[in-house]
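Here's a walk through one chain, from the overall build down to a single hairpin. Keep the model open and follow along.

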Amino acid sequence: MRTIKHWIDGRDTAGESSRTAPVWNPATGEHQADVLLAGPADVDAAVRAARTALAGWADTSVMRRSRLMFAFRNLVEKHLDDLARMVSAEHGKVLEDARGELIRGLEVIDFACGIPHLLKGEYSDQVSTDVDLFSFRQPLGVCAGITPFNFPAMVPMWMHPIAIATGNTFVLKPSERDPSASNLVAELYAEAGLPDGVFNVVHGDKVAVDAILDHPDIAAVSFVGSTPIARYVHERATAGGKRVQALGGAKNHAVVLPDADLDLAADQLIAAGYGSAGQRCMAISVAVAVGDVAGPLVKLVREKAQAIKVGPGLRAGSEMGPVVSPEALERIRGYIRSGVTAGADLVVDGRDLDVQEDGFFVGPTLFDHVTPEMDVYRDEIFGPVVAVVRVGSLEEAIDLINGNDLANGTAIFTASGRAARLFQRSVQVGMIGVNVPIPVPMAFYSFGGWKQSLFGAHHMHGPEGVAFYTRAKAVTSRWPEDAEDGPDLHFPTAV
Ligand code: NAD
């Protein structure tokens, strides 16, 4: 059995803790590797390596840091298929989807290559007589990232390229369910010439996370995962004085108005509801059908859902892979049972799926006549289950969305600019698509939800990512020619 180790101070290491967790092949159900689970001593070793590397790295010129990011970027591009295969083999998503994840991650590295521009400060000449004022930003220190299983390459790439390009050192604790891609990323950083200790990977579970949250030498924590853990990470790490951004779960609604292009809306619902087997934080899990659009929409989505080719992620022709683990499979099946018991209309039942594999497969599932008090509406199922809620008006749809605590993304399908504008101004959600179902902002904008989908002030990557991993200094300076007349005790004002 292969054992997946940590990467600390420029090399792989088994560390001290001998606890392990199984890494599944979700397409076959096979236990394909064991991943080591770090204890506090292993986390401490990674933090010490990152701390030792910090002074040299923070002082490395911004042009050299940028060149290193370019070299790393080219290596990630060269190994994109290797990384995508690793992601598909451990997560289960289809290869083309894994490639898409890598390309979106690569775009954040592209953005980080522009760090000389992004770190430019401000300068004001002569703010008072003979006085200039300027500001610049410096790194925080050792930063940590704790990431979920569903984007094992992209979500860490929301964090480490920007943290490192801005002069910090980094300790990544990826999901223990699909850990391998992070080790290849560490090797690529080393090949690009990143000094030892600047990027470290510790694998683990709650024990490693708690050791990160409590470590006195970690300045900042970036977290992405489910809402209860995001809340916990935010509370515990801020109590220790750290800067924290913690992105949580989602229940994303797509509103379909009667004037929408129905075929397009149905295609987009299929892509966003069942792509990656619904295991995306920007998946559409609720379709809000306004007025008489409901009947025809459900009919179209049903036909298209039944035509999806479900199979192993690495098999050519598969459009949707398995879910990540046996526990996820059981949870999703449980929700389908619960929807039926609560009285929702089960239009397509993913439990009927006929695949010739032993993996963790559940097919596309569609519920109609779902109401807001049902579990299948309230909870994040994180599987290929789409719930249709029927409402009478756009205003009712907006009220429904604003009544939900999870506020990551949402979308509207309409031919009316006026309706779209009302929607984008009224919904209390962080990321909005207009005829776009998965409105993930590009790397040069920032990614984040509202309400229980984000704890902390900063969104990920883009300008907010740069702000998160740096802090500003403002310098007021003058170079007087003559000695002055003595102290003046007034609060100084500009002259
Ligand atoms: P998760 O919350 O179970 O795990 C996330 C990370 O926290 C992992 O590294 C895990 O090891 C760690 N962890 C798990 N339980 C812990 C505990 N009790 N104490 C401390 N640490 C713990 O999430 P997941 O199942 O890996 O990922 C799916 C979730 O992530 C979904 O809720 C999804 O919506 C969310 N997600 C959100 C975004 C976003 O941008 N908002 C992006 C991707 C995923």
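**A helix with an inside face**

Let's start in helix α2, where the buried residues are R65, L68, M69, F72, R73 and V76. Look down the axis of α2 and these buried residues fall within an arc of 145°, so they line one face of the helix. Swing round to the other side of α2 and you'll find M63, R64 and K78 exposed. What sits over the buried residues of α2? The cover includes α3 (80-91), α4 (95-113), α5 (115-118), α6 (154-165) and α7 (180-192). As for its geometry, α2 runs over residues 62-78, 17 residues in total. From first C-alpha to last, α2 reaches 24 Å, close to the 24 Å expected at 1.5 Å a residue.

Now zoom out. This is a predicted model, and the secondary structure of the chain comes to 16 helices and 23 strands. The C-alpha trace spans about 85 × 60 × 40 Å along its principal axes. How does the radius of gyration fit a compact globule? For 495 residues, such a globule would come out near 23 Å, and the chain has 25 Å, which agrees. Buried residues account for 53% of the 495. Contacts also reach a long way along the sequence: of those between residues at least 6 apart, 71% join residues at least 24 apart.

The chain is assigned two pieces, with domain 1 covering 2-248 + 453-475 and domain 2 covering 252-434. So how far apart are the C-alpha centres of domain 1 and domain 2? They lie 31 Å from each other. Where the domains touch, 20 residues of domain 1 are in contact with 24 residues of domain 2. On the domain 1 side, α3 and α4 each supply at least two of the touching residues, and α3 gives the largest share, with four. You've met both helices already, since α3 and α4 are among the elements covering the buried residues of α2.

For a contrast with that buried helix face, go to strand β6 (residues 122-128). Is β6 buried or in the open? Of its seven residues, the number buried is zero, so β6 lies largely in the open. β6 pairs with strand β7 (residues 131-139) in the antiparallel sense, over four bridges. One of the partnerships to pick out is Y123 with F134 in β7. The hairpin of β6 and β7 has two residues between the strands, and D130 takes a positive phi near 65° there.

Conventions. Residues are numbered from 1 along each chain as its sequence is written. This is a predicted model: local features need pLDDT of at least 70, side-chain atom pairs count only at pLDDT 80 or more; totals for chains, interfaces and linings use all residues. The radius of gyration is taken over C-alpha atoms; the globule rule is 2.2 Å times the number of residues to the power 0.38. A residue is buried if 20 or more other C-beta atoms lie within 10 Å of its own, exposed if 12 or fewer, and partly exposed in between; C-beta atoms are placed from the backbone. Two residues are in contact if their C-beta atoms, placed from the backbone, lie within 7 Å. The expected span of a helix is 1.5 Å times one less than its number of residues. The arc is that of the directions from the helix axis to the C-beta atoms. Two strands pair if DSSP finds at least two bridges between them. Domain bounds come from an automatic or database domain assignment.
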